[in-house]
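Here are my notes for you, written as numbered points. Keep the model open on your screen and find each spot as you read.

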Amino acid sequence: MRKLFHFCGLITLLLFIYLPGLKAQAPVKPDAADILLGLKKLNVVGSALYVAAHPDDENTALIAWLANEKMVKTGYLSLTRGDGGQNLIGSEIRERLGLIRTHELLQARRVDGGQQFFTRANDFGFSKDYQETLKIWDKEKVLADMVWTIRKFKPDVMITRFTPEPGGTHGHHTTSAILASEAFEAAADPKRYPEQLKYVSVWQPKRILWNTSSFFYGGENQFDPTGKLAIEISTFNPILGKSYPEIAATSRSMHKSQGFGSGSNYGKVTEYLVHTKGDESKTDLFAGINLTWNRVKGGEKIAKLLQQAIAHYNPANPAASVPVLLQVKAALETMPDNPYQAQKGADLQELIKACLGLFLEATAAQTSATPGEPVNVTAIAVSRSPVPVELQKITFPLTSQVINQNKSLQQAFVSSKITVNLPAQTPTSQPYWLKQEGTVGMFAVNDQHLIGLPENPPALTAEYTVRVNQVPFTFTVPVVYKRVDPVEGEIYKPFTVTPPVFVNLTDKVLVFADDKPKQLSVTVKAGKENMSGRVALEVPQGWRVEPAAAEFTLPVKEEEKAFVFQVYPTNTQSEGTLRAVVQANGQTYNQSLVSIDYRHIPALQLFPEATAKVTRLDLKKSGSQIGYLMGPGDEVPASLNQIGYQVTLLSEHNLTAAALKRFDAVVVGVRAYNTNNYLKFAQADLLDYVAQGGTLVVQYNVSSGLVTDKLGPYPLQLSRDRVAVEEAPVRLLKPNHPVLNFPNKITAADFNGWVQERGLYFANKWDNQYEAILSSNDPGEPAREGGLLVAKHGKGYYIYTGYAFFRQLPSGVPGAYRLFTNLISIGKK
C-alpha cells in the first residue's frame with residue numbers, strides 16, 4: 001500500500017511539474033535544437049536546488065548554467081511569492097501582487113530552464129531581523145515545506161543566495177539560508193516530518209553552499225575570492241545560441257513588476273560559492289557525485305542507448321531517433337525502482353512526442369464554466385512524421401468521459417468534439433493558497449500534494465492514449481481556451497471554473513470625513529446563463545444602508561448590472577467591514593471577480609470575498625484642490641477623493657508654476673523621482689510653485705536612481721533607513737508644529753492600526769532649513785528622524801515624507817488620513 005501511495009504521489013507531482021508549457025500560454029513546440037538539448041539532459045542524472053526568500057532573489061545566470069551547461073535538473077525554491085513588495089506596472093498589491101510575481105517567476109524559469117517551487121510562507125513585508133521573521137512565520141511549517149521539496153526534488157547539491165550569518169540584509173533572506181541549512185539535514189531524517197513519507201522518501205543532498213559575491217562584502221575592493229569555489233558561467237551555448245549571462249538577462253527581465261529589466265553581459269562572469277555544510281569541495285560543485293546513469297543499477301544500458309541517440313541525432317529528421325528512444329523507454333520500465341525513474345520517464349515521453357512532431361491540444365469553447373455546467377471541448381491530434389502512431393482514445397479524468405478513436409495519426413490530423421459535464425462539486429480556480437484564510441505570516445494549505453506547487457493544477461485535462469510503433473503512451477494536456485486575434489494571432493487563456501455569480505464593489509475602502517452618506521456602486525455579474533436573485537450589503541453595527549436589497553435578473557453569461565446603495569456611517573469615529581452578498585438559486589455567494597492581464601504573464605483570475613473596509617473619521621481639512629503627480633501603482637489619489645478633495649492628475653505638460661498656482665497643494669507619488677524622467681526638468685517649476693506660496697508634499701523615493709540630485713529646495717540626502725515594524729512607537733519631536741496641530745490635533749493614537757510598515761527610505765542628512773517632525777525606530781536601532789521633514793521655502797512649504805501613506809490611505813487607517821490632511825493643509829490657517 002505504501003508503494004501505491006508513493007507511486008500516486010509521483011504521478012501527481014510529475015503531471016504538474018513536467019507538463020510542458022504553462023497551462024495559460026501557447027503550448028511549447030520544441031524545435032530540433034531543443035530536442036538535442038533534451039537528449040543530452042536525459043543522459044545526465046543529477047540535480048541542484050537554489051534557495052532564497054523572494055521572487056527576484058534567484059541567480060538566473062547560475063540557474064541557466066546549471067540547467068543547460070551542467071544539464072542537471074535545476075530548481076528554485078522561493079520561500080515567498082513576493083506579496084509584500086511594491087508594483088511598478090500596476091496597482092495590484094498584497095496577494096494580487098504575489099500572484100503576478102508567481103507567474104513572473106514561472107516565465108523566468110521557462111527562459112532559463114529551471115523549475116519553480118514555493119513554501120506556504122507569506123511575504124508580510126520588509127523584516128530587518130531573522131528573529132522577527134520567525135516570530136511571524138510558522139517555522140515548523142516553512143521548514144516542513146522545504147523538507148518536502150527536497151524529498152520530492154532530490155537535489156544532489158543545494159545553493160543558497162544568502163548567508164545564514166545574521167545581519168546586513170532582509171530578515172527573510174537570512175531566514176531562507178538558516179532554514180535551508182536545517183532542511184539539508186532534516187530531509188534525511190525519517191523522524192522529521194514522517195507524515196511525508198507516505199508519498200516521498202528521505203533524501204540527503206551531498207553539500208550545501210552559499211552563492212556569495214562582492215555585494216555581500218561592500219564591493220570588489222573588499223572581496224577576497226581566496227578559498228572559494230569559483231565557477232565561470234559566461235560560457236556560450238551553441239545549441240541555444242546564447243551565453244548564460246544572456247539567457248539570465250532575459251530571464252531576470254521577466255520580473256517586470258519590480259522593474260528588473262536587465263541587459264546582457266558579454267564579458268567574463270564568475271560565480272563564487274562558500275561551503276556551508278556536507279561534503280566540502282573547493283574545485284567542483286558536483287565533486288563525488290556521479291552524474292551518469294552508472295549511479296543506478298541497470299543504468300549502463302540506458303546510457304549506451306542515449307549515447308547512440310545523441311551520436312546519430314539528425315536535426316533534419318528527429319523522428320529517426322524514435323526507435324532507439326523506444327528502447328530507452330523499455331529499459332527504464334524494467335529497471336529496479338530508483339529515484340530517477342519516474343522523472344526521466346516523463347522527460348523521455350515528451351522527447352518522443354517532440355521527435356514525432358506530435359501535437360495534442362484540447363480547447364474549450366468558453367473561457368470559463370461553473371460547477372455542474374457543460375463545457376464544449378474540441379480535441380485535436382496530429383503527427384508530422386512517418387513513424388506509425390495510432391490514437392486510441394481521449395479521456396477526461398474529471399468526468400471519466402471517453403472519445404474512442406482507434407485512428408492512425410501517421411501524418412494525419414484528427415479532430416473530435418465532446419461536451420464535458422463538470423461535476424457539481426468541481427472546485428473553483430481560486431489559487432489554492434488563497435482558498436482559506438491564513439495569517440499575516442502563513443498561507444493556509446492542507447493538501448500535501450499542493451504544497452510547493454507554483455500554481456493550481458489545470459482545472460480540466462484531457463488524456464490522449466496513443467501507440468507509437470505499438471508501444472503505449474498516455475499524454476496529459478490541460479484544456480485551455482484559444483481564440484484568434486486579428487492582430488496577435490492565436491491567444492491562449494486558462495480555462496477556469498468560477499462561481500455562478502460575482503459581486504464587485506467599486507471601492508475597497510470607504511472613508512467618511514463626516515456623517516454624510518456615500519454612494520457605493522455594486523456590480524453583479526453572471527458566471528453562467530439565467531442567473532437571478534437579490535444582492536444586499538451587510539454593514540457593521542451602528543452603520544446602515546439603503547436600500548436593504550436589490551433584485552436582479554441576468555439571462556446572459558457575463559452580463560452584469562450595477563446597483564447604487566447609500567451607506568450611512570456612525571456619528572463618531574469607527575471602523576468595520578462591509579460585505580456584499582448575493583442570494584441566488586437558494587445559495588449565498590459573496591465572491592468578487594478580479595482579472596489581472598499583462599502581456600508578459602498569462603491572464604489571471606481570482607475570486608476574493610466582496611468586502612470593503614469602512615472608516616468614519618474625526619477629520620477636518622483646509623483647502624480642496626490637489627494636484628497629483630502619480631507614482632507607480634499609486635492609489636493615493638483615489639483615497640484623497642474619498643475625503644472630499646478634488647484631485648487633478650498632473651503630467652509633464654502642466655507642471656509650470658503658473659499652471660500649479662490654482663492648487664492648494666501638489667502631491668508627488670511614491671518613486672516618482674525614480675520613474676518619471678521629466679521631473680528633472682520640471683523640478684525647478686515645482687520649487688518655484690512652493691516659493692510663490694504653494695505646498696509640495698513628496699512621498700518616498702528610492703535613494704538610488706533619482707532623476708535629479710536636487711530633490712528639495714535645500715540639500716537633502718535619502719538613505720535606505722526604514723522602520724519596518726508597523727507598531728514601532730512614533731515620537732512627536734515638534735508637538736507644537738502646525739503639521740501636528742492644524743486642522744487635526746495629532747497624537748500617538750493616530751499611529752495605531754498602521755499596516756505592514758511605518759516607513760521607508762527616510763532621509764539621513766538634511767539642511768538645517770528642514771525641521772524633523774517625527775522620530776521612530778525598529779527595536780534595537782537608533783532613532784530615525786528623517787521620515788517627515790518640513791521646510792519653509794519662500795512663501796510656501798516643502799515636505800518630504802518616507803512614512804508609508806501609500807499603504808495606509810488605501811487601507812483606511814484613520815490616523816494616516818488625519819496626518820496627511822495636515823500636510824496638505826499646512827500654511828492654510
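1. Let's start with a proline. Pro743 sits in the loop between strand S37 (730-732) and strand S38 (763-766). Bear in mind that this is a predicted model, so everything here is computed. Look at the bond leading into that proline: the peptide bond from Phe742 to Pro743 is cis, with omega near -10°.

2. Where else can you find a bond like that? Try the peptide bond from Glu546 to Pro547, which is also cis, with omega near -5°. Pro547 belongs to the loop between strand S24 (544-546) and strand S25 (549-554). Both bonds are worth a look, because most peptide bonds are trans.

3. Next, some backbone angles. Most residues other than glycine have a negative phi. Tyr193 has a positive one, near 50°, and is not a glycine. You'll find Tyr193 in the loop between helix H7 (171-186) and strand S5 (207-212). Is Tyr193 buried or exposed? Its relative accessibility is 9%, so Tyr193 counts as buried, the cut-off being under 20%.

4. Arg671 is another non-glycine residue with a positive phi, this time about 60°. Look for Arg671 in the loop between strand S34 (665-668) and helix H14 (672-675).

5. Now zoom out. How many helices and strands does the protein have? There are 17 helices and 42 strands. The radius of gyration is 29 Å, close to the 28 Å that the globule rule gives for 829 residues, so the protein is as compact as a globular protein of that length. If you'd like a feel for the dimensions, the C-alpha atoms fill a box of roughly 90 × 70 × 55 Å along the principal axes.

6. What about inside and outside? Of the 829 residues, 57% count as buried. The accessible surface comes to about 33500 Å², and carbon and sulfur atoms make up 49% of it. As for charges, there are 85 positive and 77 negative ones, and their mean positions are 2 Å apart.

7. On to the cores. In soluble globular proteins, nonpolar side chains tend to be buried together. Here the largest nonpolar core has 85 residues, and the members that touch the most others are Met146, Trp293, Leu325, Val377, Phe396, Tyr464 and Val468. A second, separate core has 78 residues, including Val636, Val668, Tyr678 and Trp754.

8. Trp293 deserves a click of its own. Leaving out residues up to four places away in sequence, Trp293 touches Leu42, Asn43, Val45, Gly299, Glu300, Ile302, Ala303, Leu306, Leu332, Met335 and Lys344.

9. How much of the contact network joins residues that are 24 or more positions apart? Among contacts with a separation of 6 or more, such pairs account for 74%. The next three points give you some pairs to trace by eye.

10. Begin with Ala513, in the loop between strand S21 (509-512) and strand S22 (518-526). Ala513 and Asp618 are 105 residues apart in sequence, yet their C-alpha atoms are 6.6 Å apart in space. Not counting residues up to four places away in sequence, Ala513 touches Arg616, Leu617, Leu619 and Ile643.

11. Leu774 lies in strand S40 (residues 774-776). With 0% relative accessibility, Leu774 counts as buried. Which residues does Leu774 touch, not counting those up to four places away in sequence? Among them are Val730, Leu732, Leu740, Phe751, Arg784, Glu785, Tyr803 and Leu819. Val730 is 44 residues from Leu774 along the chain, and the two C-alpha atoms are separated by 6.7 Å.

12. Last one: Gln343, in helix H11 (residues 341-356). Its 8% relative accessibility means that Gln343 counts as buried. Check Lys73 while you're there: Gln343 and Lys73 are 270 residues apart along the chain, and their C-alpha atoms are separated by 9.8 Å.

Conventions: Residues numbered from 1 in each chain as written. Predicted model: local features only at pLDDT ≥ 70, side-chain atom pairs only at ≥ 80, totals over all residues. Heavy atoms only, no water. Helix = DSSP H or I, 4+ residues; strand = E, 2+ residues; numbered from the N terminus. Rg over C-alpha atoms; globule rule 2.2 N^0.38 Å. Buried < 20%, exposed > 50% of the residue type's maximum accessible area, 1.4 Å probe, protein only. Contact = heavy atoms within 4.5 Å. Areas by Shrake-Rupley, 256 points an atom, 1.4 Å probe, with all protein chains shown as cover. Lys, Arg positive; Asp, Glu negative; His and termini not counted. Charge placed at Lys NZ, Arg CZ, Asp CG, Glu CD. Core = buried A, V, L, I, M, F, W, Y, C linked by side-chain atoms within 4.5 Å.
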